[in-house]
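Trainee: Could you take me through one part of this model closely, and then set that part against the chains and the contact around it? I would like the reasoning spelled out with care.

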Amino acid sequence: MKHLMIQRQRTTVCRQDVNGEDMVSVENTAIERAAQGDRESQRHIYETLISRVHRTVYRLVGATEADDVTQDVFLDLFANLHKFRFEADFATWAHRLAVNGALQHLRRVRRKVALPLEAIERDPEVRQADPDLKELFEVAFSRLDAELRMILDLKEAQGMSYSQIAAIAGIPEGTVGSQLNRARRELKCALLALGWEV
Amino acid sequence: MDCLTAKNYLSGYYDDELTVEMATLVRAHIDECADCRQELAAFGRMGALVASAEVPVTSNRLWARILILLDDASRPNRAFTPVRTGIPFRVSAVVVAACLLLGLGIWRFGHWSGQGHNDHAEMAVNLGEMISGFASDPVAAIDRLSTHYQGVEVSLDAAESLLGYRPAIGNSLPTGYQLTSTRVLKMPCCTCSVSICTRQDGSTFVVFEHNEEQPSWFGDAPSISAKCGGRECSVVEMPGQLAVTWKSGMRQLTAIGVEGLEEVANLIAAVDSENSTG
């Protein structure tokens, strides 16, 4: 039997993102109704989370499979909503499911998304033309390990704190800084190799 | 603080996650170190790139797909069970009570041979209408059938997740053919995939697939048995085209709108090759 524990009446709210927008605002009552199968509440949760969850999944698994993995993430979320403890942060909990789902997918397919850097460097169209910086960035970014891409995206694009990133990624908070150091260092190396001027 | 130590804390400093004391030490070093100042500047530029990077939007149909699966999961005789654990999907025996192919076999343009179930009779009519309209507008014909049976356009991976098997035709079309789309249909008897395939000249045919052996596809419609590509096939003539059903391993396939037995043989060979390597 599903048992929902209401710790206190409050709205689950996260910090604002880099654009100054509220990241997530999902009322406890909506979560409770969604856990009981209410489709309107489930849709509300989906529409509240989809942009950020999809982005996180996309950064991990790439464009081709992002929709399918995101679908599975939400099915998993709704199936396990009764397990959500209201003292936790809902968006963080949802993101954690997204990361777990995406990483499980990656382990199943066991393939890399990125192109070999050497091939890109030798490609005359990349070296001689004046590549669009965004395209150059995407190529360089794809060179990072999936987890590093995710952590850097959570920080720079979604404005999460180290504690939130640690909770989502399932790593100690003390290692978030070193992981970001590594991600930034590797991204810089990849960009420089493609001709980016610091 | 030396440079090596400062670099270890550079991200924490940049992200304002250090204690006041540590941030003071790092700042003091940065004031003296051009290299670390450059590194911080690079952090800022890269951060802007990450923040401004565009992420493809989700499919408009994503919520619809989720809704179908949620609705199905709440039914006692569920048709869809997305595979998430690697354990193969087992279709409920209740769901596979009759078969799409039996329904197709009764598609004598609306005639039902007496099974007596309203859903199956209606399905036979719908299939008959699809086939009769296929020659003039195949996409519209399949769209009507798909709409009626809650068809969802999915990727091959998603089809595998929904059905428990991957549509064989998706990965095995011969050269010169292209898989345009794959849909999963919730027919009254069972769940199946239908793949819309396009030839180089832009013309279309479709392939239904089941992972269960089916009785006669075409009921008492005039058909011939033929051997194509080493497989026993049942062939029915459509207006200017053929409908053909055959079995490949555990898979039952029915192609509608094929242009001749040579094309059928090519499809069979391609599917058999995929099944032998897959």
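**A close look at one strand residue and its surroundings**

Mentor: Gln252(B) lies in strand E8 of chain B, which covers residues 251–258, and since the model is a predicted one, what follows describes computed coordinates. The relative accessibility of Gln252(B) is 6%, and because buried means under 20%, this residue counts as buried. Its side chain has a polar partner, for the side chain of Gln252(B) makes a polar contact with that of Thr245(B) at 3.3 Å. Gln252(B) can also be placed relative to Phe208(B), which is 44 residues away along the chain, with the two C-alpha atoms separated by 8.2 Å.

Phe208(B) leads on to another strand residue, since Phe208(B) is among the residues in contact with Ser193(B) once neighbours within four places in sequence are left aside. Ser193(B) sits in strand E3 of chain B, residues 191–199, and because its relative accessibility is 0%, it counts as buried. The other contacts of Ser193(B) on that basis are Leu163(B), Tyr165(B), Pro167(B), Arg183(B), Val184(B), Val207(B) and Glu209(B).

These two residues belong to a chain with ten helices and eight strands. Chain B has 278 residues, of which 49% are buried, and of its contacts with a separation of 6 or more, 56% are between residues 24 or more positions apart.

The partner, chain A, is built from ten helices and two strands, and along the sequence the two strands are followed by the helices, in the pattern β-β-α-α-α-α-α-α-α-α-α-α. Buried residues account for 52% of the 198 residues of chain A, while 65% of the contacts in chain A between residues at least 6 apart in sequence join residues at least 24 apart.

Where the two chains meet, 43 residues of chain A and 41 residues of chain B take part in the contact. The area buried between chain A and chain B is about 3,700 Å², with carbon and sulfur atoms giving 59% of that area. Two salt bridges are counted between the chains, and a salt bridge joins the side chains of Arg184(A) and Asp15(B), with an N to O distance of 3.0 Å. There are also 15 residue pairs in polar contact across the interface, with both residues of each pair at pLDDT 80 or more. On the side of chain A that touches chain B, at least two residues each come from helices H2 (39–61), H3 (63–79), H7 (133–142), H8 (146–156) and H10 (176–193) of chain A. H3(A) gives the largest share of that side, eleven residues, and the side as a whole is made up of 18 nonpolar, seven polar and 18 charged residues.

Confidence in chain A deserves the last word. The mean pLDDT of chain A is 79, with 76% of its residues at 70 or more; among the elements of chain A, H10(A) has the highest mean pLDDT, 95, and helix H5 (residues 117–122) of chain A the lowest, 41. Residues 1–22 of chain A have pLDDT below 50, although the model gives this stretch 51 contacts beyond near neighbours in sequence. Residues 112–130 of chain A likewise stay under 50, with 22 contacts beyond four places in sequence. Where pLDDT is low, predicted coordinates should not be read in detail.

Methods. Residues are numbered from 1 along each chain as its sequence is written. Chains are lettered from A and ligands numbered from 1 in the order in which they are written. Side-chain values use heavy atoms; hydrogens and water are left out. Contact means heavy atoms within 4.5 Å. Buried area is the accessible area (1.4 Å probe) that two parts lose on being put together, summed over both. A salt bridge is a side-chain nitrogen of Lys or Arg within 4 Å of a carboxyl oxygen of Asp or Glu. A polar contact is a pair of N or O atoms within 3.5 Å; within protein, one must be able to donate a hydrogen and the other to accept it, and residues adjacent in sequence count only if both atoms are side-chain atoms. Helices (H or I, at least four residues) and strands (E, at least two) are DSSP runs, numbered from the N terminus. Ala, Val, Leu, Ile, Met, Phe, Trp, Tyr, Cys and Pro count as nonpolar, Asp, Glu, Lys and Arg as charged, and the others, Gly among them, as polar. pLDDT is the predictor's confidence in each residue, from 0 to 100. Buried means under 20% relative accessible area, exposed over 50%, partly exposed in between (1.4 Å probe, protein chains only).
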